[in-house]
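Here is a short briefing on one chain, written for reading beside the model. Keep the sequence and the structure in view as you go through the points.

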Amino acid sequence: MIVTTTPSVEGKKITQYKGIVFGEVVSGVNLLKDFAAGLSNIFGGRSGSYEDELINARLNALKEMEYRALELGANAIVGVDIDYEVLGSDNGMLMVTASGTAVFCE
């Protein structure tokens, strides 16, 4: 499946618009990751534990969006956008949402 942020697929003609599709992932960040990130904040550097969580959440949101497009009979998703939010009373949850338009291209 072609997944692109552009409104079209170069060299292909969009013949059907199947609808808007979403992939959502809400992921909790545990105490150990918070502790490791706190050390990075104190001593400087990148927080590998948070980065890994963010990468996994984004990849899973994209996979879920692709699955939903396939269910509609699409072979591409155009206009893809990825959004990030923190949720929960202590901002301990990460939400990643991927959205785009499912299309069929020839």
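Contact here means heavy atoms within 4.5 Å. By that rule, and leaving aside neighbours within four places in sequence, Met-1 is in contact with Glu-66, Ala-69, Leu-70, Ala-74, Asn-75, Ala-76 and Ile-77. This is a predicted model. Its four strands form an open sheet with mixed pairing.

**Sheet layout**

- The strand order in the open sheet is 1-3-4-2.
- Why is one side of strand 1 and of strand 2 left without a neighbour in the sheet? Strand 1 (2–3) and strand 2 (14–28) stand at the edges, and each has a single partner strand, so one side of each stays unpaired in the sheet.
- Strand 1 pairs with strand 3 (residues 76–87) in the parallel sense, over two bridges.
- Those strands meet where Ile-2 has Ala-76 as its bridge partner in strand 3, and where Val-3 has Ile-77.
- Strand 3 and strand 4 run antiparallel and are joined by 10 bridges.
- Strand 2 and strand 4 also run antiparallel, with 13 bridges joining them.

**Strand 4 and its partners**

- Strand 3 and strand 4 form a hairpin, with five residues between them.
- Gly-88 sits in that turn and has a positive phi of about 95°.
- Which residue of strand 4 is the bridge partner of Ile-77? Ala-102 takes that place.
- Met-95 in strand 4 has Glu-85 standing opposite.
- Met-95 is also the bridge partner of Val-26.

**The N-terminal end**

- Met-1 lies in the segment before strand 1.
- Met-1 is partly exposed, at a relative accessible area of 38%.
- How far apart in space are Met-1 and Asn-75? Their C-alpha atoms are 5.2 Å apart, although 74 residues separate the two in sequence.
- Thr-4 belongs to the loop between strand 1 and strand 2.
- Is Thr-4 buried or exposed? Its relative accessible area is 18%. The cut-off for buried is under 20%, so Thr-4 counts as buried.
- Outside its neighbours up to four places away in sequence, Thr-4 touches Val-9, Ile-77, Val-78, Gly-79 and Val-80.

**Nonpolar cores**

- In soluble globular proteins, nonpolar side chains tend to be buried together.
- The largest nonpolar core here has 14 residues.
- Which members touch the most others? They are Val-21, Met-65, Ala-69 and Ile-77.
- Strand 2, helix 2 (48–71), strand 3 and strand 4 (93–105) each give two or more residues to this core.
- Helix 2 gives the most, with five residues.
- A second, separate core holds six residues, including Val-9, Val-78, Val-103 and Cys-105.

**Ile-77 as a meeting point**

- Ile-77 has a bridge partner in strand 4, Ala-102, and is itself the strand 3 partner of Val-3.
- Setting aside residues up to four places away in sequence, Ile-77 touches Met-1, Ile-2, Val-3 and Thr-4 at the start of the list.
- Other contacts of Ile-77 include Val-21, Met-65, Glu-66 and Ala-69.
- Gly-100, Thr-101 and Ala-102 are also among the residues that Ile-77 touches.
- Val-21, Met-65 and Ala-69 from that list are, like Ile-77, among the core members that touch the most others.

**Salt bridges**

- How many salt bridges are counted? The count comes to two.
- Glu-24 and Arg-68 meet through their side chains in one of them, at 3.0 Å from N to O.
- That pair links distant parts of the chain, with Glu-24 in strand 2 and Arg-68 in helix 2, 44 residues apart.
- Arg-68 also meets Glu-64 in a salt bridge, at 2.8 Å from N to O.
- Arg-68 and Glu-64 both lie in helix 2, four residues apart, or about one turn of the helix.
- Shared partners join Glu-24, Glu-64 and Arg-68 into one network.
- Glu-24 is partly exposed, at 34% relative accessible area.
- Arg-68 is partly exposed as well, at 32%.
- Glu-64 also counts as partly exposed, at 24%.

Definitions and conventions. Residues are numbered from 1 along each chain as its sequence is written. This is a predicted model: local features need pLDDT of at least 70, side-chain atom pairs count only at pLDDT 80 or more; totals for chains, interfaces and linings use all residues. Side-chain values use heavy atoms; hydrogens and water are left out. Two strands pair if DSSP finds at least two bridges between them. Buried means under 20% relative accessible area, exposed over 50%, partly exposed in between (1.4 Å probe, protein chains only). A nonpolar core is a set of buried Ala, Val, Leu, Ile, Met, Phe, Trp, Tyr and Cys residues joined through side-chain atoms within 4.5 Å. A salt bridge is a side-chain nitrogen of Lys or Arg within 4 Å of a carboxyl oxygen of Asp or Glu.
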